[in-house]
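Please look over the sequence and the model before reading on. This report describes how the strands and helices are arranged.

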Amino acid sequence: MRRPLACLIPLLLVASPAIARDSLGIFESWGAFRDPVAGQSAPRCYAIAQPQVRRGRTPQGFASVGTWPRAHVRGQVHIRLSRARSPDAPVRLSVGERRFTLVAGQVDAWAPDARTDAQIIAAMRSATSMSVSSVGADGRAFADSYALRGAATAIDAAALGCARLR
C-alpha cells in the first residue's frame with residue numbers, strides 16, 4: 001500500500017504544485033483526491049494513476065478521471081502522455097478489448113465527448129489493464145500501460161468526494 005502512495009506523491013506535485021489536496025484514498029495503484037480550491041470551478045475531485053514502470057524508469061504521464069461539480073462535469077477522462085507526440089499521430093486508448101481514438105494535444109489526450117468518457121469508464125470498470133499509444137515527436141512508437149485494479153473504487157471515491165458540492 002505504501003508503494004503506490006509513494007509513486008503518486010511526485011505525480012501530484014508535478015500535476016498541480018500550488019494546490020492543497022485532500023486524499024480520499026489510495027486503491028492499489030490508483031488514488032482519489034479532492035482539490036478544495038481550484039479556481040472558479042472549485043472544488044474538483046479525481047482518480048489518478050501513473051503508468052506502470054518499464055525498464056526501471058517511471059514514466060512521467062498519468063491517467064485521470066475527474067469531476068468538477070460546479071462546472072457540471074462528471075467522469076471526464078484525461079491522459080497525460082509520457083512523451084510529446086508527433087503532431088499528425090493519433091492517440092489510441094485500449095481498455096481490455098475496447099479501442100478508442102482520443103482527441104489530443106502535444107502531451108494531453110481526452111475523449112472526444114461525454115458519451116465516450118462514459119464508455120471508457122465502463123470499460124475501465126471491467127478490464128484489468130489499459131494502454132494509450134501514439135508516435136512520439138522523435139518518430140518512435142510508444143505506449144503507456146496502466147493496471148486497472150483499484151480504478152473503479154478510486155473513480156467512485158472521487159465522485160463521492162465532490163457529490164455534496166453540486
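The sections below go through a predicted model, starting with the sheet and ending with the helices.

## The sheet

The sheet is open and contains 10 strands, in the order β1-β2-β3-β4-β5-β8-β7-β6-β9-β10. The pairing is antiparallel. At the edges stand β1 (22-27) and β10 (141-147); each has a single partner strand, so one side of each has no neighbour in the sheet. On average, neighbouring strands are turned by 25° against each other, with direction ignored.

## Pairs of strands

Strand β4 (residues 62-68) and strand β5 (residues 73-80) run antiparallel and are joined by 6 bridges. Val-65 stands opposite Val-77 of β5.

β6 and β7 are paired through 5 bridges, also in the antiparallel sense. Here Arg-92 lies opposite Thr-101 in β7. The two strands form a hairpin with 2 residues between them, and Gly-96 in the turn has a positive phi of about 60°. A hairpin through 3 residues then joins β7 to β8. This antiparallel pair has 2 bridges, and Val-103 has Trp-110 in β8 as its bridge partner.

## Helices on the sheet

Helix α2 (residues 114-126) packs on the sheet, where the strands it touches include β2 (30-35), β6 (91-95) and β9 (129-135). The direction of α2 makes about 135° with that of β7.

Helix α3 (residues 151-161) also packs on the sheet, touching β1, β2, β3 (44-49), β4 and β5. Its direction makes about 10° with that of β2. Among the buried residues of α3 are Ala-151, Ile-155 and Gly-161. The cover over the buried residues of α3 includes these five strands and α2.

Technical notes: Residues numbered from 1 in each chain as written. Predicted model: local features only at pLDDT ≥ 70, side-chain atom pairs only at ≥ 80, totals over all residues. Heavy atoms only, no water. Pairing = 2+ DSSP bridges. Helix = DSSP H or I, 4+ residues; strand = E, 2+ residues; numbered from the N terminus. Axes fitted to C-alpha atoms, helices over the stretch in contact; angles between N-to-C directions. Contact = heavy atoms within 4.5 Å. Buried < 20%, exposed > 50% of the residue type's maximum accessible area, 1.4 Å probe, protein only.
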